[in-house]
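Good morning, and thank you for joining. Please bring the sequence and the structure up on your screens, and I shall then go through them part by part.

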Amino acid sequence: MAEWIYGKNVVKQSIEEGMVLKLILQRKEDPLFVLAQEKQIPVEILDRHKMTSLVKSDRHQGVAAQIRNYTIYSVEEIVTSIPKGKDGLIVMLDGIVDPHNLGAILRTCDAVGADGVIFKKDRSVGLNATVAKVSVGAIQTVKCASVTNLSQTIEWLKKRGYWVVGTAMEGKDYRSLKYDYPTVLVIGNEGKGISSLVMKHCDYRVHLPMVGKISSLNASVSTGILLYEIYNKRFPL
């Protein structure tokens with residue numbers, strides 16, 4: 001089943017990736033009209049009101065597209081795609097439900113060269129138009145896997161040499177680890193954090209020190225800090 005995405009950047013990248021089945025524009029003068037013609041993609045011109053009704057959002061920037069389904073990989077496909085000699089870096093999401101968080105996490109994963117993202121099939125956000133727009137194209141570049149059981153997936157990864165780092169209110173300072181090994185970084189639900197069952201399978205628990213009055217950070221912000229710490233440890237100046 002095809003679905004709709006919107007926003008200039010993500011639509012442009014989707015055209016270039018060969019994902020777009022049909023392009024919707026508010027104005028024929030849009031530069032994407034020429035690109036669509038080059039790629040032999042059908043184009044329809046709609047006014048802003050009709051486009052908003054079509055994509056169920058008024059943030060489309062006058063651009064929308066019907067695309068093929070997003071590719072979902074298996075965990076094994078993610079692992080086997082990692083170049084030989086590289087310490088893998090995989091982000092596992094335990095119950096993230098906000099598509100804006102998932103989109104932002106994918107964007108950061110692309111920036112630091114993370115190898116993939118794993119999330120649950122149930123009670124979690126999946127790949128959709130909002131995620132695509134927030135990710136600014138990273139939904140196409142970061143491999144994602146959807147699994148039924150995170151704990152079993154962790155054990156499968158451990159047998160292949162991965163160490164699992166979970167985020168918690170209590171634990172080691174996130175800067176104290178070296179991250180010089182294949183790493184799975186586990187990020188918990190926006191409100192409840194990592195489930196107790198998944199936490200039992202983590203090799204390390206880390207936290208971000210906070211000296212202000214607010215006791216927690218947004219999930220995507222925390223992920224960004226942690227991913228760049230791993231990048232810094234692996235590629236120091």
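**A helix residue, the sheet, the cores and the cysteines**

I begin with A111, whose place is in helix α5. Please keep in mind throughout that this is a predicted model. With a relative accessible area of 48%, A111 is partly exposed. L185 lies 74 residues away from A111 along the chain, and the C-alpha atoms of the two are separated by 16 Å.

Let me turn to the sheet. Four strands form an open sheet with mixed pairing, in the order β1-β4-β2-β3. Its edge strands are β1, residues 3-6, and β3, residues 43-45, each of which pairs on one side only. From one strand to the next, the twist averages 25 degrees. Strand β2, residues 20-25, pairs with strand β4, residues 63-67, over 5 bridges, and the sense is antiparallel. Within this part of the sheet, K22 stands opposite Q66 in β4.

I come now to the interior. The largest nonpolar core has 57 residues, and those touching the most other members are I5, V11, L23, L93, L106, V117 and L127. Helix α5, which spans residues 99-112, gives the most to this core, namely 5 residues. Where does this core lie with respect to domain 1 and domain 2? Domain 1 (3-67) and domain 2 (75-234) both give residues to the core, so it lies between them.

Apart from this core lies another, of 21 residues, including I118, A168, V184 and C202.

One member of the largest core deserves a closer look. Leaving aside residues up to four places away in sequence, L23 touches V11, I15, L32, A36, I41, P42, V43, E44, V63, A64 and A65.

Finally, the cysteines. How many disulfides are there? With a cut-off of 2.5 Å between sulfur atoms, the count is 0. C144 is in no disulfide, as the nearest cysteine sulfur, in C109, is 8.0 Å away. At 1% relative accessibility, C144 counts as buried.

Why does C202 form no bond with the closest cysteine? The closest cysteine sulfur, that of C109, is 17 Å from the sulfur of C202, which is too far for a bond. C202, which we met in the core of 21 residues, is buried as well, with a relative accessible area of 12%.

That concludes the presentation, and I would welcome your comments.

Methods:
Residues are numbered from 1 along each chain as its sequence is written. This is a predicted model: local features need pLDDT of at least 70, side-chain atom pairs count only at pLDDT 80 or more; totals for chains, interfaces and linings use all residues. Side-chain values use heavy atoms; hydrogens and water are left out. A nonpolar core is a set of buried Ala, Val, Leu, Ile, Met, Phe, Trp, Tyr and Cys residues joined through side-chain atoms within 4.5 Å. Buried means under 20% relative accessible area, exposed over 50%, partly exposed in between (1.4 Å probe, protein chains only). Helices (H or I, at least four residues) and strands (E, at least two) are DSSP runs, numbered from the N terminus. Domain bounds come from an automatic or database domain assignment. Contact means heavy atoms within 4.5 Å. Two strands pair if DSSP finds at least two bridges between them. Axes are lines fitted to C-alpha atoms, for helices over the stretch in contact, and angles run from 0 to 180 degrees between N-to-C directions.
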